[in-house]
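Got the model open in your viewer? Keep the selection box handy, and let's walk through it one stop at a time.

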Amino acid sequence: MPARLFLSSGDLVADRRYDFARDLQLRGDLPAAADLLQQAIELAPNFASAWFTLGEIREQLDESEAAIAAFHKARAADPLDRHGAGLRLMRLDAEPLAGMPPAYVQVLFDQYAPRFESALVGDLGYRGPALLFKAVLSVRLAAKKPAFFKRAIDLGCGTGLAAAAFAKEVDHFIGVDLSPRMIDKAHATGLYAELEVADILQGLRGRPDAAADLILAADVMVYVADLAPILSEAARALAPGGLIAFTTETHDGEDVLLGEGLRYSHSVACVRASVATAGLKLSHLDNLSARNEDNVPAPGLVVVATKT
Ligand SMILES: C[S@@+](CC[C@H](N)C(=O)[O-])C[C@H]1O[C@@H](n2cnc3c(N)ncnc32)[C@H](O)[C@@H]1O
């Protein structure tokens with residue numbers, strides 16, 4: 001995982017107590033770590049990193065109420081919520097399921113960028129782009145249409161792995177990602193005609209009607225709670241006959257969950273409903289895993305929907 005985010009309190013002594021507390025936390029001395037964090041917070045009451053870490057420790061100690069209070073303080077101290085305290089509150093059932101704070105996603109992937117490909121492809125056996133490629137080819141074959149696309153938009157393009165898988169079949173690739181460091185990596189591949197640092201919904205909204213004949217979202221919908229707005233905007237941005245292909249993680253229930261790994265998991269029912277709400281036709285839905293979690297395939301879906 002990426003290095004842990006640290007936002008200095010601006011008070012040297014408070015920052016040093018935080019460092020000691022982290023050492024203690026990592027060594028398993030949770031009560032002592034919590035004590036030190038409380039001391040740091042007394043010195044610097046708006047110390048977001050200390051509040052966030054205290055929330056984690058309270059959670060580790062099974063003190064849910066105290067954890068919830070600390071995560072609320074962490075978010076109040078950093079309204080952009082770069083630590084993702086809001087996600088922890090959702091996991092603790094203290095708040096209803098909602099979207100991810102964009103600043104959290106940006107920081108996460110900015111930190112991850114240098115090691116992203118070795119971690120995802122090497123350690124987690126990532127295979128999302130290859131699965132999407134196979135699914136798109138099979139949909140095109142069934143429709144008796146060539147698998148060649150003039151303009152494609154790669155949502156959450158990351159370092160460019162999906163564009164690499166489709167490079168021979170696409171004329172003009174546009175990449176959109178929240179993380180400037182991931183975009184830098186994508187730029188270095190030379191695969192994209194255009195790259196934009198933006199949220200995927202904003203990125204789609206900035207495109208004219210019928211601007212693309214293929215839209216990809218490889219391992220990105222796991223960071224999106226509600227698929228319907230993205231799919232609706234994709235439907236508008238697709239030319240008739242165009243495709244959107246995406247992977248997501250899934251579970252046996254009915255709704256959307258935020259998993260332990262802080263990734264959303266969409267049920268098949270919820271994917272079908274979102275595709276229908278967007279006015280798209282579901283052309284392909286397969287239970288296939290795009291990556292491993294704890295050395296076993298994480299349950300996943302590969303989906304292709306068509307603009308009719
Ligand atoms: C796991 S990576 C996958 C990258 C790439 N699609 C691939 O297959 O290797 C997820 C990417 O989605 C981006 N991302 C997540 N949520 C986003 C959002 N709402 N808007 C734009 N980018 C987002 C992240 O910054 C990250 O680069």
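**Stop one: the largest cavity**

About 40 Å³ of space lies in the largest cavity. Bear in mind as you look around that this is a predicted model. With 30 Å³ or more as the cut-off, the count comes to one cavity.

To see its walls, select Asp219, Thr247, Thr248, Glu249, Arg263, Leu288, Ser289, Ala290, Arg291, Ala298, Pro299 and Gly300, which line the largest cavity. Colour that selection by class and you get four nonpolar, four polar and four charged residues. Which strand gives the most to this lining? Show the cartoon for strand E5, residues 238–249: E5 contributes three residues.

**Stop two: the second largest pocket**

Next, select Glu249, Thr250, Gly259, Glu260, Gly261, Arg263, Ser265, Glu293, Asp294, Val296, Ala298 and Pro299. These line the second largest pocket, and the space in there is about 260 Å³. Keep an eye on Glu249, Arg263, Ala298 and Pro299: they belong to the lining of this pocket and also to that of the largest cavity. Coloured by class, the pocket lining shows three nonpolar, four polar and five charged residues.

**Stop three: the ligand**

Now centre on the ligand and bring up its surroundings. How many residues surround it? There are 20, and the closest are Tyr126, Gly156, Asp177, Asp199 and Ala218. By class, this shell has 14 nonpolar, three polar and three charged residues.

Turn on the side chains of two aspartates here. Asp177 puts a polar side-chain atom 2.6 Å from an oxygen atom of the ligand. For Asp199, look for an N or O atom of the side chain, which is 2.8 Å from a nitrogen atom of the ligand. Then show the backbone of Ile200, where an N or O atom sits 2.9 Å from a ligand nitrogen. Add a surface to finish this stop: of the 590 Å² of accessible area that the ligand has on its own, the protein covers 98%.

**Last stop: aromatic rings**

Finally, select the aromatic side chains. The count comes to 10 aromatic pairs, and one of them is Phe52 with Phe71. Their ring centres are 5.4 Å apart and the planes meet at 55°, so this pair is tilted; edge-to-face would need an angle over 60 degrees.

Where do the two rings come from? Phe52 lies in helix H3 (residues 48–60) and Phe71 in helix H4 (residues 64–77), so the pair ties together parts that are 19 residues apart in sequence.

Conventions
Residues numbered from 1 in each chain as written. Predicted model: local features only at pLDDT ≥ 70, side-chain atom pairs only at ≥ 80, totals over all residues. Heavy atoms only, no water. Near = heavy atom within 4 Å. Polar contact = N/O pair within 3.5 Å; in protein donor to acceptor, adjacent residues only side chain to side chain. Areas by Shrake-Rupley, 256 points an atom, 1.4 Å probe, with all protein chains shown as cover. Nonpolar A, V, L, I, M, F, W, Y, C, P; charged D, E, K, R; others polar. 1 Å grid on protein atoms, 1.4 Å probe; cavity = no way out; pocket = protein on both sides within 12 Å on 5 of 7 lines; lining within 4 Å. Points joined across faces, edges and corners; volume = space filled by probe spheres on them. Helix = DSSP H or I, 4+ residues; strand = E, 2+ residues; numbered from the N terminus. Phe/Tyr/Trp six-rings, centres within 6.5 Å; stacked < 30°, edge-to-face > 60°.
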